[in-house]
Amino acid sequence: MNKADIIETINGFLVEEFEVDGDTISPEANLKDTLGLDSLDYVDLVVTIEANFGVKLGEADFVGIATFQNFYDLIENKIKVKENA
């Protein structure tokens, strides 16, 4: 899965599952502010990521994640680690 596919998949389920306005999603946008998720929503986000990409995310993974680009990079790196395992 290439980076464009990862971004398209993430943005797609954010719009569908979390009812985020697709126009507000951009690489430099603040993830937390744009999504406006509460703690339960973050659990749903983690479950959705795991279901779509087969990678595990923990609380520590979100440290330092500020923008959508940071989030895309995190998922891309997790996928690479999984593929190389």
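**Notebook: a four-helix chain**

I began with contacts along the chain. Of the contacts with a separation of 6 or more, 64% join residues 24 or more positions apart. I note here that the model is predicted.

**Overall build**

Next I looked up the elements. I found four helices and zero strands. From the N terminus on, the order reads α-α-α-α. I then checked the radius of gyration. The chain comes out at 12 Å, close to the 12 Å that the globule rule gives for 85 residues, so the chain is as compact as a globular protein of that length. I also looked up the extent of the C-alpha trace. Along its principal axes the trace spans about 35 × 25 × 20 Å. What share of the 85 residues is buried? I read off 34%.

**Helix α1 against helix α3**

I turned to one pair of helices. Helix α1 covers residues 3-17, and helix α3 covers residues 39-53. Their axes come within 11 Å and cross at roughly 135°. I had to decide what to call that angle. Angles over 145 degrees count as roughly antiparallel, and 65 to 115 as roughly perpendicular. The crossing of roughly 135° fits neither range, so α1 is oblique to α3. I also noted the handedness: α1 passes α3 in a right-handed crossing.

Which residues make the contact? From α1, I listed Ile6, Thr9, Ile10, Phe13 and Leu14. From α3, I listed Leu45, Thr48, Ile49, Asn52 and Phe53. Then I sorted this contact by class. It has seven nonpolar residues, three polar ones and no charged ones.

**Glu76**

My next stop was helix α4, residues 68-84, where Glu76 has its place. Is Glu76 buried or exposed? Its relative accessibility is 15%. The cut-off for buried is under 20%, so Glu76 counts as buried. I then looked for its partners, leaving aside neighbours within four places in sequence. Glu76 is in contact with Lys3 and Ile6. I had met Ile6 before: it is one of the α1 residues in the contact with α3.

**Val81**

I stayed in helix α4 for Val81. Is this residue buried or exposed? Val81 has 59% relative accessibility. Exposed means over 50%, so Val81 counts as exposed. Last, I looked up how far Val81 lies from Val55. The two are 26 residues apart in sequence. In space they are 9.2 Å apart, C-alpha to C-alpha.

Technical notes
Residues are numbered from 1 along each chain as its sequence is written. This is a predicted model: local features need pLDDT of at least 70, side-chain atom pairs count only at pLDDT 80 or more; totals for chains, interfaces and linings use all residues. Side-chain values use heavy atoms; hydrogens and water are left out. Axes are lines fitted to C-alpha atoms, for helices over the stretch in contact, and angles run from 0 to 180 degrees between N-to-C directions. Helices (H or I, at least four residues) and strands (E, at least two) are DSSP runs, numbered from the N terminus. Angles under 35 degrees count as roughly parallel, over 145 as roughly antiparallel, 65 to 115 as roughly perpendicular and the rest as oblique. A crossing is left-handed if the near helix is turned anticlockwise from the far one by less than a right angle, and right-handed if clockwise. Contact means heavy atoms within 4.5 Å. Ala, Val, Leu, Ile, Met, Phe, Trp, Tyr, Cys and Pro count as nonpolar, Asp, Glu, Lys and Arg as charged, and the others, Gly among them, as polar. Buried means under 20% relative accessible area, exposed over 50%, partly exposed in between (1.4 Å probe, protein chains only). The radius of gyration is taken over C-alpha atoms; the globule rule is 2.2 Å times the number of residues to the power 0.38.
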